[in-house]
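Biologist: I would be grateful for a close look at the metal site of this protein. Please describe its geometry and then set it beside the other parts of the fold.

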Amino acid sequence: MTKRASPVVAVTQTQIVKARLDPRLNEPYFSVIKDAGFSGCQHAQHGVKLDKTKQRAYCKKCGEEIALFDALWNYHHAEERLVGTLQQMQKMRDDEAARKQRERERRPFVREVVGRVARKDMTLKAEPIIGYVNELECGHKQQQNSDRHLSRVTCHECKNAAAKAKR
Ligand SMILES: [Zn+2]
Ligand SMILES: [Zn+2]
């Protein structure tokens with residue numbers, strides 16, 4: 001008692017199957033779920049937990065699985081940033097060294113003040129500090145009467161020593 005499918009029904013079924021196989025005929029074969037289960041976690045910022053046996057990678061923060069290629073690519077970018085930062089730091093050190101060198105050439109007897117000790121006159125009870133003794137980077141000491149904090153001063157001892165050596 002089976003009823004033969006009518007030609008019309010057969011054609012419709014063929015079309016449906018064809019439509020599924022050829023996205024142009026109907027709706028796309030693949031529909032992509034947008035931001036499926038997006039946790040708001042920026043995996044790339046948190047590092048990767050590796051399961052070496054299963055060869056799988058997971059986000060250290062949220063535990064979501066990450067494609068191995070993505071893990072590698074994120075690592076590559078992190079490494080690039082690190083190299084960039086190191087280069088930047090080296091450049092800053094070089095610039096600072098060059099600046100100090102120029103300063104030395106321009107004013108050869110200017111020395112950095114590396115320490116400062118107050119000179120006190122204990123007979124003056126209210127304000128016993130009468131000045132400071134600056135310790136310079138060259139090892140010499142220099143008196144200062146004002147209470148300004150100087151970071152650099154000309155070292156007269158170094159200057160005199162150089163003048164003596166010239167004579
Ligand atoms: Zn994550
Ligand atoms: Zn000196």
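Modeller: The account below begins with the metal site and then turns to the helix, the sheet and the aromatic rings. The model is a predicted one.

The zinc ion (ligand 1) has as its protein donors Cys41 through SG, His43 through ND1, Cys59 through SG and Cys62 through SG, at 2.0 to 2.4 Å from the ion. The angles among the four donor atoms run from 104 to 116°, and the site is tetrahedral. For reference, the ideal angle for four tetrahedral donors is 109.5 degrees. Along the sequence, the donor residues of the zinc ion follow the spacing C-x1-H-x15-C-x2-C. His43 belongs to the loop between helix H1 (7-21) and strand S1 (48-51), while Cys62 belongs to the loop between strand S2 (56-59) and strand S3 (65-66); the pair therefore ties together parts that lie 19 residues apart in sequence. Is Cys62 buried or exposed? With a relative accessible area of 34%, Cys62 is partly exposed, because values between 20% and 50% fall into that class.

The next element to consider is helix H2, which spans residues 68-106 and contains Glu103. The relative accessibility of Glu103 is 15%, so this residue counts as buried, the limit being under 20%. When residues up to four places away in sequence are left out, Glu103 touches Val110 and Arg152.

These contacts lead on to the sheet. Strand S4 comprises residues 110-120, and strand S7 comprises residues 152-154. S4 and S7 pair in the antiparallel sense over three bridges, and Arg111 stands opposite Val153 in S7. Both strands belong to an open sheet of four strands, ordered S6-S5-S4-S7 with antiparallel pairing. Its edge strands are S6 (141-144) and S7, each of which pairs on one side only. On average, neighbouring strands of this sheet are turned by 50° against each other, direction ignored.

Helix H2 also carries the aromatic rings of interest. How many aromatic pairs does a search of the whole structure find? The search finds one. This pair is formed by Phe69 and Trp73, with 6.0 Å from centre to centre and 10° between the planes, and it is stacked. The two residues are four apart in helix H2, so about one helical turn separates them. Phe69 is exposed, at a relative accessible area of 58%, whereas Trp73 is partly exposed, at 45% relative accessibility.

Conventions
Residues numbered from 1 in each chain as written. Chains lettered and ligands numbered in written order. Predicted model: local features only at pLDDT ≥ 70, side-chain atom pairs only at ≥ 80, totals over all residues. Heavy atoms only, no water. Donors = N, O, S within 2.8 Å, 3.2 Å for Na, K, Ca; no water. Tetrahedral: all angles 85-135°; square planar, octahedral: opposite > 155°, others 65-115°. Buried < 20%, exposed > 50% of the residue type's maximum accessible area, 1.4 Å probe, protein only. Contact = heavy atoms within 4.5 Å. Pairing = 2+ DSSP bridges. Axes fitted to C-alpha atoms, helices over the stretch in contact; angles between N-to-C directions. Phe/Tyr/Trp six-rings, centres within 6.5 Å; stacked < 30°, edge-to-face > 60°.
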